[in-house]
Every structure is written in C-alpha cells, then in structure tokens.
Amino acid sequence: MTTWQRMRAAALGALILSYGAAGNVTAEPQSIDDRSSDDLTSSLGTQWRLVTDQVMGGVSDGSLTPDSYRGRRCLRLQGSVSTANNGGFVQMALPLAADGSFDASAYTGIELEVAGNSERYNLHLRTTSLWLPWQSYRASFEATPEWTTVRIPFTELEAYRTSRAFRQDRLERIGLVAIGRDFQANLCLAAVRLYQAESTD
C-alpha cells in the first residue's frame with residue numbers, strides 16, 4: 001500500500017468513526033474562548049472589547065477585565081446599566097473572524113460557562129447579513145453566583161429588528177449583554193464554545 005493509499009484509508013476510517021448511530025457526522029466542540037490568555041485575546045485570536053450605549057448617547061458605563069472567580073480564570077463584565085437618554089446596555093463583544101465570516105453550520109448552538117450576580121443577561125449573535133448596529137439574534141440566560149454551563153441552541157434565538165433568517169454559516173460577532181433595565185451588571189465568563197447535540201435516534 002502506497003503512502004497516499006494509507007492516508008486515504010486513515011481519513012476514511014476517521015470519517016466512519018465520526019458518524020453517530022443515526023449516520024450524522026458529529027463535530028467536536030469548537031472553543032471560542034477558554035480564557036487561557038491573560039488579556040482580552042480569545043482562543044480564536046480575536047479581541048474582546050467593551051461596548052456601551054454611550055455610542056448612541058446613553059449614559060451606561062462599564063469595564064471589561066481579565067479576572068478570576070472561585071478558582072477559575074474569567075473575563076468579567078461590570079457596569080451600571082441606565083435607561084436614561086434612550087440607552088440601556090453594556091456589552092462584551094467579540095468578532096469571530098478577523099475578516100469575513102465564521103461558519104458554524106456543523107454545530108447546534110453556543111455553550112457558555114458563566115457566573116454572576118443572579119441577574120439575567122443576553123446572548124447576541126450578529127451575522128454578515130445584518131447591516132444596522134441594533135439588529136441581532138438574541139436569547140437570555142441567568143448568571144448565578146455558582147459556575148453554570150448554559151447551552152443556547154441556534155433554534156432558540158429570536159431575531160431582533162430584522163426579518164432576515166438566521167445564518168449560522170455567516171456568524172460575525174458574539175456579544176454578552178447587560179441590557180434593558182436599570183441594574184448593576186457583574187458577569188464572569190470562563191468559557192464559550194460551539195457545541196453539537198448528540199443524536200437522539
């Protein structure tokens with residue numbers, strides 16, 4: 001058997017092993033950020049940044065810093081959310097690709113490892129199909145003082161101010177957002193990844 005034939009056989013074997021009982025290819029979780037860096041750099045190499053409603057005239061303020069909480073390294077979003085002046089959000093946002101879009105079509109949804117102050121926060125996803133800054137696909141979750149793993153399937157996202165269908169093969173940015181009411185935000189993120197649910201067949 002030639003080297004090429006051995007490589008082809010190995011690749012075919014790996015493909016067969018990756019099939020579940022129902023014949024669906026299962027993808028390994030894709031890390032977006034595992035907080036292995038000491039700064040705002042994600043596992044993808046892109047940079048987290050803080051965005052507040054001050055970009056549109058609001059008065060909310062916040063901070064985004066590498067931190068640790070209950071034995072885990074994390075990225076901490078803190079701030080004061082105010083609905084004054086038609087504002088009302090502070091956000092930690094991450095582009096998923098240096099340029100272009102990120103293809104997540106092999107995955108079921110987003111998995112977060114979070115802790116916080118028992119407030120509700122939002123996950124916002126943007127795709128390259130969206131043009132206006134307030135458009136996104138959204139879901140909410142609670143961040144308790146204990147570390148919690150939260151799974152948000154793409155099918156549970158709600159389109160916000162857009163009629164365009166969600167395209168998971170064209171992801172552009174992910175955001176974790178304190179939004180919509182006057183409160184103090186305190187959210188720690190230890191990990192965020194793409195996951196694929198196991199087949200139930």
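Which side chain makes a polar contact of 2.9 Å with the side chain of T41? The partner is the side chain of D39, as the third of the views below sets out.

This is a predicted model in which residues are numbered from 1 along each chain as its sequence is written, and local features need pLDDT of at least 70, side-chain atom pairs count only at pLDDT 80 or more, and totals for chains, interfaces and linings use all residues. Side-chain values use heavy atoms, with hydrogens and water left out.

**View 1. Overview of the predicted protein, with one helix and twelve strands.** Helices (H or I, at least four residues) and strands (E, at least two) are DSSP runs numbered from the N terminus, and along the sequence they follow the pattern α-β-β-β-β-β-β-β-β-β-β-β-β. Of the 201 residues, 41% are buried, where buried means under 20% relative accessible area, exposed over 50%, and partly exposed in between (1.4 Å probe, protein chains only). The accessible surface comes to about 10800 Å², and 49% of that area belongs to carbon and sulfur atoms; accessible areas come from the Shrake-Rupley method with a 1.4 Å probe, and for residues only the protein chains shown count as cover. Taking contact to mean heavy atoms within 4.5 Å, 73% of the contacts between residues at least 6 apart in sequence join residues at least 24 apart.

**View 2. Strand 5 (residues 89-95) and its pairing with strands 2 and 11.** Six of the seven residues of strand 5 are buried, so that the strand is mostly covered under the cut-off given above. Two strands pair if DSSP finds at least two bridges between them. Strand 2 (residues 49-52) pairs with strand 5 in the antiparallel sense over four bridges, and T52 has V90 of strand 5 as its bridge partner. Strand 11 also runs antiparallel to strand 5, the two being joined by seven bridges, and here M92 stands opposite L176 of strand 11.

**View 3. Polar contacts of T41 in the loop between strand 1 (30-33) and strand 2.** A polar contact is a pair of N or O atoms within 3.5 Å; within protein, one must be able to donate a hydrogen and the other to accept it, and residues adjacent in sequence count only if both atoms are side-chain atoms. The side chain of T41 makes one such contact with the side chain of D39, at 2.9 Å, and another with the side chain of Q47, at 2.6 Å. Leaving out residues up to four places away in sequence, T41 touches D33, R35, T46 and Q47. The C-alpha atoms of T41 and P66, which are 25 residues apart along the chain, are separated by 9.9 Å.

**View 4. Salt bridges, of which the count comes to ten.** A salt bridge is a side-chain nitrogen of Lys or Arg within 4 Å of a carboxyl oxygen of Asp or Glu. In the pair formed by D67 and R76, the closest N and O atoms are 2.7 Å apart; D67 is partly exposed at 33% relative accessibility, whereas R76 is buried at 11%. E146 and R70 form a salt bridge with their closest N and O atoms 2.6 Å apart. Because E146 lies in the loop between strand 8 (136-143) and strand 9 (148-153), and R70 in the loop between strand 3 (61-69) and strand 4 (72-81), the pair ties together parts that are 76 residues apart in sequence. E146 is partly exposed, with a relative accessible area of 48%. A network of salt bridges links R72, E111, E113, R151 and R193.

**View 5. R138 in strand 8, a buried residue that has no salt bridge.** The nearest side chain of opposite charge is that of E158, 8.6 Å away, where Lys and Arg count as positive and Asp and Glu as negative, while His and the chain ends are not counted. The side chain of R138 is instead joined to that of H124 by a polar contact of 3.3 Å. Beyond its neighbours within four places in sequence, R138 is in contact with several residues, including N122, L123, E156, Y160 and I179.

**View 6. The surroundings of T127 in strand 7.** T127 is buried, with a relative accessible area of 0%. Not counting residues up to four places away in sequence, T127 touches Y137, F166, R167, R170, L171 and E172.
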